[in-house]
Amino acid sequence: MAPEPPLLSMSGITKSFPGVRALDGVDLDVQAGEVHCLLGQNGAGKSTLIKVLAGAHQPDTGRLHWRGEEVTLRSPIAAMRLGIATIYQELDLVEHLSVAENVHLGHEPTAAGFVVRGKAAKASTAALLKRLGHAEIDPARLVGELSAAQQQIVSMARALSHDVRLIVMDEPSAALDPDEVDNLFRIVGDLTAAGVAVVYISHRLEEIRRIGDRVTVLKDGRAVANGLPAKSTPTREVVALMTGRNVEYVFPDRPLSPPPGEPVLKVQGLSRQGEFEPFDLEVRPGEIVGLAGLVGSGRSEILETVYGARKPTSGQVLVEGRPLKPGSVRAAVRAGLGLAPEERKAQALLMLESVTRNVSVSSMSRFSRGGWIDRGAELGAARAATRELSLRPDNPSVPVRTLSGGNQQKAVLARWLLRGCKVLLLDEPTRGVDVGARAELYAVIRRLADEGLAVLLVSSEVPEVLGLADRVLVLREGRVVHTAPARELDEHRVLDLVMEGSPAS
């Protein structure tokens, strides 16, 4: 008896864009009921490959076989009709529509040839949400009112509303806390038990070992390893395949003692009702202070309040001893604060503009001459700032959207370097950044601190907070439950604190 063919087989897939060969003869096969993990640094070709699989890109050459038969996926609709659903990291939901309307968008329930709205759509959506372990999400609620984790669940419900046989998940755990990740893995386990295949993309290698069956590694548009066993392949080997060199999870050396001098940033009794309770904080020039806690603990809200994007209920923020006007981003920037937000594409970058404009946008007064912009001065300043951070490619005229995640983050940092900021606020600085680029970003952040910048860091990855920060504040449900030098903490201690709480110290 002939063996069962793979559910999906992609062979010799190539795809080029102007000046870039994104895929160079990639092979990938996926079996029904398996979790096949796709790994690679930013720019390795992962996004292009899954867009070919989703019907969003047409390959230049190569073949796709679905359940043993050659197919051509001319559009996302064609892929969905076959049973292929893709959940992108940047969720493509319509914020002003309800949960039920998003779940059934493009295939609304019908009866006698007419679209059925209201109860039927809501009922089927409620059933899908219950299957996903989130019956608390109201199908009638607007998607724009949901948290990032809830929006991801809605996107998964939309995929399951079709007769799906393969689901592509692009960085699905990026915005989830540990409990949500456990629920995600439960959902994936239920799907694969029912014969559904999952292509799972993540930068978190510990997740790959936990959930994956096989791994394919891309580098420079080529598959450098196909179908490795996910649980038994050493992490060092996977990283070496992704980067072409051995990369250790090593953080830069930090000072043995706290930096001298007066704090450049002081937070006194700062609070926001319903988000975080009053707390105090100091950050000195040359110091990196980390905020550790689960999603919903108030970490990002604190950063945004310090930056003036949210108005506090009580307390004040002082920079070099001068209080800032509450709820004023302009006052914060003028005082020397800079923010690299969690959602850099939506909140920090002008994706259609050049690297130069993205770097210079907060310092335009420097280049204004009688109402005109001195383009040469702007370009020169941007080039100097990006070179200081080793941003690649070394061409600030290229659109920022063409950069990898790590280099887009460098563009945000270069903006604040050019502005001459004194306090850098970092929210999830390595989200969506590959392993090799993470180590480079860590070195950049440490060097900026060593040069006198004060850094306040938020990360959902406890090892990142402990490895990069000098001092750590642990948050639980909006309250600072512990403060200590990073070298006195370990991951298990921090997780115990964020899960159980502890008297503030």
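**Exercise 1.** In this predicted model, determine in which hand α4 passes α5, and state which residues make the contact.

*Solution.*
Step 1. The crossing of α4 past α5 is right-handed.
Step 2. On the α4 side, the contact is formed by Leu-128, Leu-129 and Arg-131, and on the α5 side by Ile-153, Ala-157 and Leu-160.
Step 3. Sorted by class, the residues in this contact of α4 with α5 are five nonpolar, no polar and one charged.

**Exercise 2.** Establish at what angle helix α4 and helix α5 pack, and classify the orientation of α4 to α5.

*Solution.*
Step 1. Helix α4 spans residues 119-131 and helix α5 spans residues 148-160.
Step 2. The two helices pack at an angle of about 115 degrees, and their axes lie 9 Å apart.
Step 3. Angles of 65 to 115 degrees count as roughly perpendicular; α4 is therefore roughly perpendicular to α5.

**Exercise 3.** Give the strand order of the open sheet and explain why one side of β6 and of β12 is left without a neighbour in the sheet.

*Solution.*
Step 1. The open sheet has six strands in the order β6-β9-β10-β3-β11-β12, and its pairing is mixed.
Step 2. β6 (84-87) and β12 (222-229) stand at the edges; because each has a single partner strand, one side of each lacks a neighbour in the sheet.
Step 3. On average, neighbouring strands of this sheet are turned by 15 degrees against each other, direction ignored.

**Exercise 4.** Describe how β6 pairs with strand β9, and identify the residue of β9 opposite Ala-85.

*Solution.*
Step 1. β6 pairs with strand β9 (residues 166-170) in the parallel sense, over four bridges.
Step 2. Opposite Ala-85 stands Ile-167 in β9.

Notes:
Residues are numbered from 1 along each chain as its sequence is written. This is a predicted model: local features need pLDDT of at least 70, side-chain atom pairs count only at pLDDT 80 or more; totals for chains, interfaces and linings use all residues. Side-chain values use heavy atoms; hydrogens and water are left out. Two strands pair if DSSP finds at least two bridges between them. Axes are lines fitted to C-alpha atoms, for helices over the stretch in contact, and angles run from 0 to 180 degrees between N-to-C directions. Angles under 35 degrees count as roughly parallel, over 145 as roughly antiparallel, 65 to 115 as roughly perpendicular and the rest as oblique. A crossing is left-handed if the near helix is turned anticlockwise from the far one by less than a right angle, and right-handed if clockwise. Contact means heavy atoms within 4.5 Å. Ala, Val, Leu, Ile, Met, Phe, Trp, Tyr, Cys and Pro count as nonpolar, Asp, Glu, Lys and Arg as charged, and the others, Gly among them, as polar.
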